[in-house]
Amino acid sequence: MIEYHADDYGLFPEQSRHIMDCYHKGALNGISIMPNSPYLKECMDAISNIREKLFVTVHLNFVEGRPISGNRADLLVNERGNFDCGFIKLLLVSYIPFLRKAYYRQIRREVETQLRACGEYMNGGVYRIDGHVHYHMIPVIFDALMDVVKSNKFKVSYIRFPYEEVSVYSGNILKLKGLRLVNLVKVMILNALVVRNKMKYKTFLKGLGLENKLFMGVMLSGHMFYDNVRACIKSAADILEKRGNDEMEILFHPGDVTVPADVERLTSRDDYDFLTSPNRMKEAEALKKFGSNLSR
């Protein structure tokens, strides 16, 4: 089964409607929800009648907006109170003991607060977890997440481990548009972090009984267009067949931010460039094409 997934649901109402349009008119069957968005309740109320038909996942966020824990997360924000810790900074913090200890306390508190904020929206009371810009793979954040899950005895069915099989893309390189070196670097870093996190918590993760899904979405991030994804699906299917598995998550970002007032509310420069890109609409078009034969 393919999980056609969209991140960032609940960030803004209009942007979230763009995402759900890909459910009603396309293949979308999974969403990740923004825990710290002031619009989350409004957006979740809007899909209360179909929520149980979707894979609903907590999108742990240390990038966009403000922490739910407020001034108790002062190391994670700028002078305006918005998240302002880059991926590389937190990666380095993970390996500097005296800094890690201070950051860990605040990150752990924020992780727990964000998970609890989304608890009522988890189908069956069981958590699915991923992270905005995959920050949840950074060691200091992943370690905090594991601590929170253990200490609260949260039921968790899925954690996104964004490990990408490079062969899915290398075998189709002449067919793909938008491949970028920066995304290859991201894949290499994330793959290494996935290996680290899985090794460190091997026993605990096995005990959770997590769903095991082949992942695709970082190498072509921003360019998950129909022709690109279609070209890679066969290679991905071959890998799944060899593994005796049929579960896959394909990540899209169809929720473009177009309302001027919402654009002004974005707090991350990287998010601004990504969320306002016209490529978002192309990814939405891809989801609609993949679901062209579906009847909702």
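Good morning. The accessible surface of this protein comes to about 13700 Å², and 54% of that surface belongs to carbon and sulfur atoms. I should say at once that what we are looking at is a predicted model.

Let me begin with the overall build. The secondary structure comprises 12 helices and seven strands. The radius of gyration is 18 Å, close to the 19 Å that the globule rule gives for 296 residues, so the protein is as compact as a globular protein of that length. Along the principal axes, the C-alpha atoms fill a box of roughly 50 × 45 × 40 Å. Of the 296 residues, 57% count as buried. As for contacts with a separation of 6 or more, 81% of them are between residues 24 or more positions apart.

I turn now to the parallel strands, and I shall follow them from E2 to E5. Strand E2, residues 30-33, is joined to E3 by four bridges, and the two run parallel. From E2 the chain passes through helix H2, residues 40-45, and on to E3; this β-α-β crossover is right-handed. Within the pairing, Ile 33 stands opposite Val 58 of E3. Strand E3 itself spans residues 55-60 and is mostly covered, with five of its six residues buried.

On to the next pair. E3 and strand E4, residues 127-131, pair in the parallel sense over three bridges. Two positions illustrate the register: Leu 60 stands opposite Gly 131 in E4, and His 59 has Asp 130 of E4 as its bridge partner.

How many of the five residues of E4 are buried? The count is five of five. Both faces of the strand are covered: Tyr 127, Ile 129 and Gly 131 are buried on one side, and Arg 128 and Asp 130 are buried on the other. The burial on that second face thus includes an arginine and an aspartate.

E4 also pairs with E5, again in parallel, through three bridges. Here Tyr 127 has Val 156 of E5 as its bridge partner. E4, H5 and E5 together make a right-handed β-α-β unit.

That brings me to the nonpolar interior. The largest nonpolar core has 89 residues, and those with the most contacts inside it are Ile 31, Ile 33, Ile 107 and Leu 115. Helix H5, residues 139-152, supplies the largest share of this core, namely eight residues. A second, separate core holds seven residues, including Leu 11, Met 34, Leu 266 and Leu 275.

Ile 33 deserves a closer look. Leaving aside residues up to four places away in sequence, Ile 33 touches Tyr 9, Leu 40, Met 44, Val 56, Thr 57, Val 58, His 59, Cys 118, Tyr 121 and Met 122. Val 58, which appears in that list, is also the residue of E3 that stands opposite Ile 33.

Next, a point of backbone geometry. Most residues other than glycine have a negative phi. Which residue of strand E1 has a positive phi of about 80° although it is not a glycine? That residue is Asp 8, found in strand E1, residues 2-9. Its relative accessibility is 1%, so Asp 8 counts as buried. Lys 153 likewise has a positive phi, of about 55°, and is not a glycine. Lys 153 is found in the loop between H5 and strand E5, 156-159. With a relative accessible area of 74%, Lys 153 is exposed, whereas Asp 8 is buried.

Finally, two residues further along the chain. Leu 179 has its place in the loop between helix H6, 167-170, and H7. Its relative accessible area is 33%, so Leu 179 is partly exposed. Not counting residues up to four places away in sequence, Leu 179 touches Ile 173, Met 219 and Leu 220. Leu 179 and Leu 220 are 41 residues apart along the chain, with their C-alpha atoms separated by 6.1 Å.

Lys 186 lies in helix H7, residues 181-200. At 40% relative accessibility, Lys 186 counts as partly exposed. Lys 186 and Phe 55 are 131 residues apart along the chain, and their C-alpha atoms are separated by 25 Å.

To close, I would return to E4: this strand pairs in parallel with E3 and with E5, and five of its five residues are buried. Thank you.

Definitions and conventions: Residues are numbered from 1 along each chain as its sequence is written. This is a predicted model: local features need pLDDT of at least 70, side-chain atom pairs count only at pLDDT 80 or more; totals for chains, interfaces and linings use all residues. Side-chain values use heavy atoms; hydrogens and water are left out. Buried means under 20% relative accessible area, exposed over 50%, partly exposed in between (1.4 Å probe, protein chains only). Two strands pair if DSSP finds at least two bridges between them. A crossover is right-handed if, with the strands pointing away from the viewer, the path from the first strand over the helix to the second runs clockwise. The radius of gyration is taken over C-alpha atoms; the globule rule is 2.2 Å times the number of residues to the power 0.38. Contact means heavy atoms within 4.5 Å. Accessible areas come from the Shrake-Rupley method with a 1.4 Å probe; for residues, only the protein chains shown count as cover. A nonpolar core is a set of buried Ala, Val, Leu, Ile, Met, Phe, Trp, Tyr and Cys residues joined through side-chain atoms within 4.5 Å.
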